Amino acid sequence: MPHDTLFSPVTIGKLELPNRIVMAPLARHRASQPGDVPSEMNAHYYAQRASAGLIVTEPTQISRQGQGGWATPGIYTAAQEAGWKGIVGAVHARHGRIAALLSHAGRVSHRRLQEAGAPPVAPSAIRARGATVLIQHDDGTTGFIDAEDPRPLDTDEIAGVVLQYVDAAHRADRAGFDLIEIDAANGCLLHQFIATGTNRRTDDYGGSVENRVRIVVDVLDVVAGVVGAHRVGIRLSPGFTGADIEDAEALASLSHLAGKLKRIGIAYVQLADADDALRNAYDGAIIATADCGPEEAHALIERGTADAVAFGLPFVANPDLVERMQANRALADADPSTLHGGGEAGYTDYPAFDDTQRR
Ligand SMILES: Cc1cc2nc3c(=O)[nH]c(=O)nc-3n(C[C@H](O)[C@H](O)[C@H](O)COP(=O)(O)O)c2cc1C
């Protein structure tokens, strides 16, 4: 069998994954409206992909303030919680495992997505130049527009933001999620706090490395208190330069954070860039999102750089990605025109391999 290690079990926290192929977070902008509620169609989509060792949900906003795109699902209302319960149930019925990715978009947003047209919030009043967000226009069509100038959070608002994560963690726990992953990657609010280019604060949440990672540590501490550290992970992307992120001290922040993660005892780090720097500083499980094929994924695990590997785009058109990789079958290509927004087309209608053969 090719690349056996990818198909061997691994334990993350106390959760056993039957294989090491993880579905990476993919924003698909298909929550039902109004209310950004996860739907039966979304449950069908995730259940189709249940043979993944672990599914990580699309970034799920912990509050209306944390929304960074049209029709992204939330986890801050009773209806959203019930929707997620349906998704978790559908994945578990197919013997899968699923982590909720709790996210706050921060400045990568627009007043059209916010309550009462408020400006988005951020560590500092610095716009994400070149970053775009998906919105719905007045005529009902959707399209990407530039992110807007954010309002800096007051110091006394930060405890409230941390509480948004606590409330979302309670809801995710009640919805039955196996794991809770905190999004601090790819330019979201927590990443904006970590990175030197986006955080010019002069209070306890800006300046030194310790101050810039403080909110991340606060969030992990309280979420671990809610669901148990063994059920908590974090997504980081120290090498990410999209969404106008600049971090002159990315590696220093990573190694400082690694020490804190050890202390809290969280289950895993999902790294959006595979990096040996973390492996040397952190002894928990590492899921690398390595932008690679099965050979390289296998090599990352064999080298000990990662314990599991996350795939993004390949899961869009290959619901049975694990079986296809295991059988060395060709992978289908996703239609780029249906990635963001829409209905079943380009979402739940990609067939598993056997079905393709029968056509
Ligand atoms: C359609 C699509 C949507 C994505 N949405 C997000 C997102 O909202 N947040 C994020 O951090 N990464 C997002 N990603 C990145 C993936 O999680 C993953 O890191 C990336 O696709 C690299 O893996 P791959 O080469 O296997 O696709 C997205 C990727 C795709 C293809």
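The following dialogue examines the ligand site, the pockets, the cavity and one loop of a predicted model.

Student: What makes Pro 25 a residue near the ligand?

Tutor: A residue is near a molecule if one of its heavy atoms lies within 4 Å of it. Around the ligand there are 14 residues, and Pro 25, Arg 235, Asp 291, Gly 312 and Leu 313 come nearest. An oxygen atom of the ligand is 2.7 Å from a polar backbone atom of Pro 25, so Pro 25 meets the 4 Å cut-off.

Student: Why is the pair formed by Arg 235 and the ligand called a polar contact?

Tutor: The term requires a pair of N or O atoms within 3.5 Å. An N or O atom in the side chain of Arg 235 is 2.6 Å from an oxygen atom of the ligand, and therefore the pair qualifies as a polar contact. For Asn 186, the distance from a polar side-chain atom to an oxygen atom of the ligand is 2.9 Å, so this pair also falls within 3.5 Å.

Student: How much of the ligand does the protein bury?

Tutor: The ligand taken alone exposes 610 Å², of which the protein buries 78%.

Student: Which classes of residue form the shell around the ligand?

Tutor: The shell divides into eight nonpolar, four polar and two charged residues. Arg 235 and Asp 291 are among the residues that come nearest to the ligand, and Asp and Arg count as charged.

Student: Where does the ligand sit, and what makes that wording correct?

Tutor: The ligand sits in the largest pocket. The wording applies because more than half of the atoms of the ligand lie within 2 Å of the grid points of that pocket.

Student: What is the volume of the largest pocket, and which residues are closest to its centre?

Tutor: The largest pocket holds about 1,200 Å³ of space. Its lining has 44 residues, and Pro 25, Ala 27, Pro 59, Asn 186 and His 340 are the closest to its centre. Strand E5 (60–61), strand E8 (132–136), strand E15 (308–311) and helix H10 (313–317) each supply at least two residues of this lining. By class, the lining of the largest pocket has 24 nonpolar, 16 polar and four charged residues.

Student: What surrounds the centre of the second largest pocket?

Tutor: Fifteen residues line the second largest pocket, and Arg 64, Trp 70, Arg 112, Leu 113 and Gln 136 are the closest to its centre. The volume of the second largest pocket is about 230 Å³. Its lining divides into five nonpolar, six polar and four charged residues.

Student: Why is a space called a cavity and not a pocket?

Tutor: A cavity is a set of points where a 1.4 Å probe fits but cannot get out, whereas a pocket is an open set. One cavity of 30 Å³ or more is found in the whole structure. The largest cavity has a volume of about 90 Å³, and among the residues that line it are Ala 184, His 191, Asp 247 and Leu 257.

Student: Which helix gives the most to the lining of the largest cavity?

Tutor: Helix H7 gives the most, with four residues. Helix H4 (189–194) and helix H7 (250–264) each supply at least two residues. The lining of the largest cavity has seven nonpolar, three polar and one charged residues.

Student: What backbone features occur at Pro 34 and Asp 36?

Tutor: Gln 33 and Pro 34 are joined by a cis peptide bond, with omega about -5°. Pro 34 lies in the loop between strand E3 (21–23) and helix H1 (40–48). Asp 36 lies in the loop between E3 and H1 as well, and phi of Asp 36 is near 50°, a positive value in a residue other than glycine.

Notes. Residues numbered from 1 in each chain as written. Predicted model: local features only at pLDDT ≥ 70, side-chain atom pairs only at ≥ 80, totals over all residues. Heavy atoms only, no water. Polar contact = N/O pair within 3.5 Å; in protein donor to acceptor, adjacent residues only side chain to side chain. Areas by Shrake-Rupley, 256 points an atom, 1.4 Å probe, with all protein chains shown as cover. 1 Å grid on protein atoms, 1.4 Å probe; cavity = no way out; pocket = protein on both sides within 12 Å on 5 of 7 lines; lining within 4 Å. Points joined across faces, edges and corners; volume = space filled by probe spheres on them.
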